[in-house]
Every structure is written in structure tokens, then in C-alpha cells.
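Visitor: I should like to learn how to read the features of a model such as this one. Please begin with a cysteine.

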Amino acid sequence: MGITGSLTPDQLQFFHSQGYLVIESFANEDEIRGLRKRMDELLNQFDCSVSSSIFSTKNQKHTTDNYFFESAEKISFFFEEKAFGDDGKLKQPKELSINKVGHALHELDPLYKEFTYSSKFSSLVSSLGYKRPVVMQSMYIFKQPGIGGEVVPHQDNSFVYTDPQSCTGLWIALEDSTTVNGCLWAIPGSHKNGLVRRFIRGENGITFDQPSPSYEQKDFVSIEMKAGSLIAIHGDLIHQSFENLSSKSRHAYSLHVVESDGCKWAKDNWIQREKMPEPLYVLP
């Protein structure tokens, strides 16, 4: 099977030098509308009284939560930390309380699978040199108005680790992403310094193997994106997003791709599964 890469030499040069690349108009209006409508349907079907979890990059309580572990092969729902009042009840409708939905949308939901396995993703990933790419996790991220939680500086390879390292993040803005509603920020070129720490699953849950370094905010640049734009993120790039204190949400669909040809999935990753997902494509 032959795959024609979609990136130009200039785009590849920017990605390799800066550690990220924004591609405008990657998803069209119909695709955006379809993904958002389907997520509305999934939320309507979700019974938050049965099972759920809170997601936070500051407080890793979910690391000992079986709901979190099992989400690797399910469509699971995670609330914002600030969604609940002191009485333990939601302060607003569930649709405005969810932090994200993950981590197997791309496998289990037909619409998300069709979008993820489309030729546009295969062409993009092929440009980056993948021979047998596998999407290990997918997430629909809401960044809710007023309560959308901060995502602290991190590297995707910390969470989605292979030997050798091979993770690329693909993040599609489903709404305009600005400095007002919590857009991504990154330290350009920081991927060249290598992986800082890993998020490791053991008998007592999940912990980082090293403390987080301190970063200077002046080194970060904001990456504002129009709805439909995609950003490819090198697995070692330091990036973050701030809390969304605005009245506008910042919906996005995020994938993490790894190489399964010659790269070994780490057994101490938080994602532990018996069978790898179907590859996007296989090159001879």
C-alpha cells in the first residue's frame, strides 16, 4: 500500500526545528459539525450517576482509579475538578462539566473511527516517516467555560512511551482556540532536549519517575488556532494550556500516534492492553 505524504519540505523543516506544526483547514465544517454532534449524542447517553472520574494534571488521584485504567479500551467520561460543589453535586449541567472523553473513541465509535482512519491522517503521518502507525489513545477535550482546567507543562512521550520513542500528538481544534479560552502554549525547539520524565504504572498506581522541572513562562509561545486547524506535536515538545476562565469553551479532538514497526510498547505505560489497535496503514 503506497501512501503519499501531505507535508511540504518547508513544513517538515519547521516541525523538526520547532517541534510542532500547525496545519490550517485540516478538518472541514461538515467534519467539525459531525464530530461535535456525535459527542453531544454520547453525552446525552452518558449516565453520570453510574460511573465516572475526575481528571486533573495537577492532582493525580485518578492514577489509582480503575475507571481511568479501563478507559484505555473504552469510551469513558471524566469531569472537571471544579465541576462539583461542596455538597458533591454538579454545579452545572453534565454537558458543561465534562473535562474529556477518552480513550478509545477512534476504535469504538464509527464516526470517530472513520475520521481518524481517513486518508488525510494517513498522508500526514506518512510525511512524518511512520511505517506502521498506531493510534494508542484518543480524547475529546472540552475546556469548559469558566472551569476548564489547566494542563501543566508536559511531554507526550512521558505518557505514551515506546522504545525507541515515537509519539506524535495530533490535536484538532473544533472551536477557535485563543489565549482567552485556553489555547496551547509551547517552548519552540524544546523537543531537542529529550525526554525529561516518564509516567509509570506500577503495583501502587501511577507515578512520575522524576519531579517536574520548573519552566520560565517567557520561553513559551501561544499557539492560537482556528476551528478545523490541526497541530502536530513532537513527543518531546514541552507544551501546556492555562485554565479557561472565559465564557467560551474550547473543544478539540486529540490523538497520540506511535510507531509499531521496530518500536516496543513499554509494559509500564499507563495504557496496558492485550491487543494493539489496528494500524492506520502498513507500509512494506
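Guide: This is a predicted model. Let us begin with C48, which is partly exposed at a relative accessible area of 30%.

Visitor: Is C167 buried or exposed?

Guide: C167 is buried, and its relative accessible area is 4%.

Visitor: How far is the sulfur of C167 from the closest cysteine sulfur?

Guide: A disulfide requires a pair of cysteine sulfur atoms within 2.5 Å. The closest cysteine sulfur to that of C167 belongs to C263 and is 11 Å away, which is too far for a bond. By the distance rule, the count of disulfides comes to zero.

Visitor: How many helices and strands does the chain have?

Guide: The secondary structure consists of six helices and 16 strands. The chain has a radius of gyration of 18 Å, close to the 19 Å given by the globule rule for 284 residues, so it is as compact as a globular protein of that length. The C-alpha trace spans about 55 × 45 × 40 Å along its principal axes.

Visitor: What do burial and contacts add to that picture?

Guide: Of the 284 residues in the chain, 52% are buried. Among contacts with a separation of 6 or more, 84% are between residues 24 or more positions apart. The accessible surface comes to about 13300 Å², and carbon and sulfur atoms account for 49% of that area.

Visitor: How far apart are the mean positions of the positive and negative charges?

Guide: The chain has 29 positive and 36 negative charges, and their mean positions are 1 Å apart.

Visitor: Which peptide bonds deserve inspection in the backbone?

Guide: One should look at omega for each bond. A cis peptide bond joins G102 and H103, with omega about 5°; H103 belongs to strand β4, residues 98–103. The bond from D163 to P164 is also cis, with omega near -5°. P164 sits in the loop between β7 (162–163) and β8 (168–173).

Visitor: Where is S25 found, and what is its phi?

Guide: S25 is in the loop between β1 (20–23) and α2 (29–45). Although S25 is not a glycine, its phi is positive, at about 55°. With 65% relative accessibility, S25 counts as exposed.

Visitor: Is K143 buried or exposed?

Guide: K143 is buried, with a relative accessible area of 3%. K143 is not a glycine either, yet has a positive phi of about 45°. Its place is in the loop between β5 (133–141) and β6 (151–154).

Definitions and conventions: Residues numbered from 1 in each chain as written. Predicted model: local features only at pLDDT ≥ 70, side-chain atom pairs only at ≥ 80, totals over all residues. Heavy atoms only, no water. Helix = DSSP H or I, 4+ residues; strand = E, 2+ residues; numbered from the N terminus. Rg over C-alpha atoms; globule rule 2.2 N^0.38 Å. Buried < 20%, exposed > 50% of the residue type's maximum accessible area, 1.4 Å probe, protein only. Contact = heavy atoms within 4.5 Å. Areas by Shrake-Rupley, 256 points an atom, 1.4 Å probe, with all protein chains shown as cover. Lys, Arg positive; Asp, Glu negative; His and termini not counted. Charge placed at Lys NZ, Arg CZ, Asp CG, Glu CD.
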